[in-house]
Amino acid sequence: MTVDFSPLIAWPYFAALTLAAAVLAALGVWRGVRGAWLRAAALAAFCLAIANPVLFQEEREPLSTIVAVVVDRSQSQENGDRRAQTDQALEGLKERLARFPQIEARIVEAADGEETEAPSTKLFGALATALADVPPARVGGAIFITDGQIHDVPDVNQKLGFEAPVHALISGEPDEFDRRIEIVSAPRFGIVGEQQKMTFRVVDDGAAPGGSAEVTIRLNGNEIATEQAEPGTDVPFSFTVPRGGNNILEFAVGPVAGEVTETNNRAVHVLDGIRENLRVLLVSGEPHAGERAWRNLLKSDAAVDLVHFTILRPPEKQDGTPINELSLIAFPTRELFVDKIGEFDLIIFDRYQHRGVLPILYYDNIAQYVENGGALLIAAGPEHAGDDSIAATPLAAVLPATPTGVMNEKAFFPRLSEEGKMHPVTRGLEGAADEPPAWGRWFRTVDVDRPLGQTVMEAADGKPLLVLNRVGKGRVAMLLSDQGWLWARGFEGGGPHVSLYRRTAHWLMQEPALEEEALTARAIGRTLEITRQTIEGDPRQATLTYPSGRTQEVTLTQRDPGLYKAEVETDEIGLFEVSNDELTTLVHVGNVDAPEFKAAISTKEKIQPWAEKTKGLVRRLADADGPVDLPPVLPVRGAVRVADDQRLSLRMTDETVLKGIDSLSLFAGLFGLAALLFLISATWYREGR
């Protein structure tokens, strides 16, 4: 209740009037005039009436005390009974807070960080957002329901923006332990065929049993090593990059009985294999129009080191010219096919025939080169159907097709076979979808018996044109025509010879993207894209295994012939495994170094400093195998100065909101008039005596 003045005249005039009245009253008292005090009282009442005193009474409503309840919904809360404990604690806390009408609970559920971030538990950020519109004086406290693995705990010397207790109710069990594996250092790129070094570490969190751990290492799904590691010790590891493109290294440490989770028992690292200047040997049996198409294609690629020989003068063609007078070099057969054959990534025989240039034993060396992982491409012409065909040498052991000795001399449009429409080497070749295909014709092919492997392109009457086959660890391709140069020259509009030749060469060199049977997966944010390449028909469903261990059947939908895809929105972050038939692949959703996948045991240590500073309470929700036990709520008027180790102290606010104001003019109306008349009458009465 307050009194204010609202004078009926301006303040300067009121001040002059009051001064005059005071002078008159003082003069009367000083001179001892009869009734001077009554006159002074009457003048004072008159001035007070002019001042118009007003009595104000505010109508206020007390504001509620805001208590933030921050609930940890991160992935680590899926371990054990933590989620059930959290849900039970939240319901119990709501009930306790509801008993106090002056308390308003703000429930904030905080999940992992956004998909563009490293997944982590950011509870203090969620707290700041929840209280952004609340004046600090109204905040009664903050209660975290979490496993304690909070990754944005500010320094204890910083300010939270309010002065109230910070409490934490910890889910999980006491004395938890967990074993995990992490990659300490690893290269992102590596040269194919060269050794790379990396370092990994096994970490035991909590009261772990100790002892060495067995780590199984897989490369592209194949087990390559088993290492023994002491927890907490960096372990170096070396491996050879087997192929170009993505190479997936998986490190798996054996589980320990009773550990919190096995989700972090595996770690993956993706390394891009780079071929350092692919070495290609091109041997042309004689000069012809097609060899330049091969040479131009290979020379245009800066990553290819090309060694090209053309046999200009076979041994039977002797004209008496001394070798030292020729502007040519002798074919270094021993150096190429014995000493250094293993250094080549691809060998191409372009219209080559056996004419005594290569000793018969060298063909066996080439066959062994293929079986041991090499790549061989035969671009055949009429000589392949003749008596000097290389199919009559030991090289025949790795060739997918045997010539019948007949040349098919008939114009035709090269067409994709049914397998070719699905095979990544030929699928989607420009112009293949039209009928006839939107490219030029060829005019002859080598007739062969029924070939092995896959016939991906056909000539006239369905005869094989391009045959692909695997032999041992290596691969062989046969192009049964020497007229691909017609496309290079633009005959009848030309054709996609560059794409065809390049894809064939890269398939031979085992490019992962061109595998006919492959399963790959990639993460786009939290969307998992699964791709299945096959020439065996509908792969039906793939099995997706989540980091938590649960599985999901995913239906693969055909997008192109031989290409099936599916997209899955994931609600977990970590290492996923996809399997279909006998193929498996791994993919990591989220940042592989995310804090959420490191320590997994529940802990009070991270939040304890803030509880001590603000006189809060940190307490586990349950003992080992015990029920959830919530502490009672204690409202406190004024600042919380003493920590209570049994109750959740909350500072109650004194803030109010103004609802309305009642005003009363003290000298207005009959009351003021009566007071003035009484004093004037008293003055008159006094003087009349």
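**Surface patches, a hairpin and backbone features**

In this predicted model, V3, F5, W11 and L48 together form a nonpolar surface patch of about 380 Å² accessible area.

Trainee: Which strand holds V3, and is V3 buried, partly exposed or exposed?

Mentor: V3 is found in strand β1, which covers residues 2-5. Its relative accessible area is 48%, and exposed requires over 50% while buried requires under 20%. V3 therefore counts as partly exposed.

Trainee: Which residues form the positive surface patch, and how accessible is R295?

Mentor: The positive patch on the surface is made by R292, R295, K299 and R489. Of these, R295 lies in helix α5, residues 291-299. R295 counts as partly exposed because its relative accessibility is 33%.

Trainee: How many bridges join strand β27 to strand β28, and which residue stands opposite Q541?

Mentor: Strand β27 (residues 541-545) and strand β28 (residues 551-555) run antiparallel and are joined by five bridges. Across from Q541, in β28, stands T555.

Trainee: Which residue takes a positive phi in the hairpin of β27 and β28, and what is the value?

Mentor: Five residues lie between the two strands of this hairpin. The residue with the positive phi is G549, and the value is near 105 degrees.

Trainee: Where does Q510 lie, and what is its phi?

Mentor: Q510 belongs to the loop between α10 (497-508) and β25 (518-524). Q510 is partly exposed because its relative accessibility is 26%. Although the residue is not a glycine, its phi is positive, near 65 degrees.

Trainee: What is the phi of K615, and what is its relative accessible area?

Mentor: K615 sits in the loop between α11 (608-614) and β33 (618-620). It is not a glycine, yet its phi is positive, at about 65 degrees. K615 is classed as partly exposed because its relative accessible area is 27%.

Trainee: Which peptide bond is cis, and what is its omega?

Mentor: P436 lies in the loop between α8 (418-422) and β21 (442-448). The peptide bond that leads into P436 from E435 is cis, with omega near -5 degrees.

Trainee: Why does R637 count as exposed, and what distance separates its C-alpha atom from that of R651?

Mentor: R637 is placed in strand β34, residues 633-637. R637 counts as exposed because its relative accessibility of 56% is over the 50% cut-off. R637 and R651 are 14 residues apart along the chain, and their C-alpha atoms are separated by 6.0 Å.

Methods:
Residues are numbered from 1 along each chain as its sequence is written. This is a predicted model: local features need pLDDT of at least 70, side-chain atom pairs count only at pLDDT 80 or more; totals for chains, interfaces and linings use all residues. Side-chain values use heavy atoms; hydrogens and water are left out. Two strands pair if DSSP finds at least two bridges between them. Helices (H or I, at least four residues) and strands (E, at least two) are DSSP runs, numbered from the N terminus. Patches are made of residues with over 30% relative accessible area and no salt bridge: like charges are joined within 9 Å, nonpolar side chains (Val, Leu, Ile, Met, Phe, Trp, Tyr) within 5 Å. Accessible areas come from the Shrake-Rupley method with a 1.4 Å probe; for residues, only the protein chains shown count as cover. A salt bridge is a side-chain nitrogen of Lys or Arg within 4 Å of a carboxyl oxygen of Asp or Glu. Lys and Arg count as positive and Asp and Glu as negative; His and the chain ends are not counted. The place of a charge is taken as NZ of Lys, CZ of Arg, CG of Asp or CD of Glu. Buried means under 20% relative accessible area, exposed over 50%, partly exposed in between (1.4 Å probe, protein chains only).
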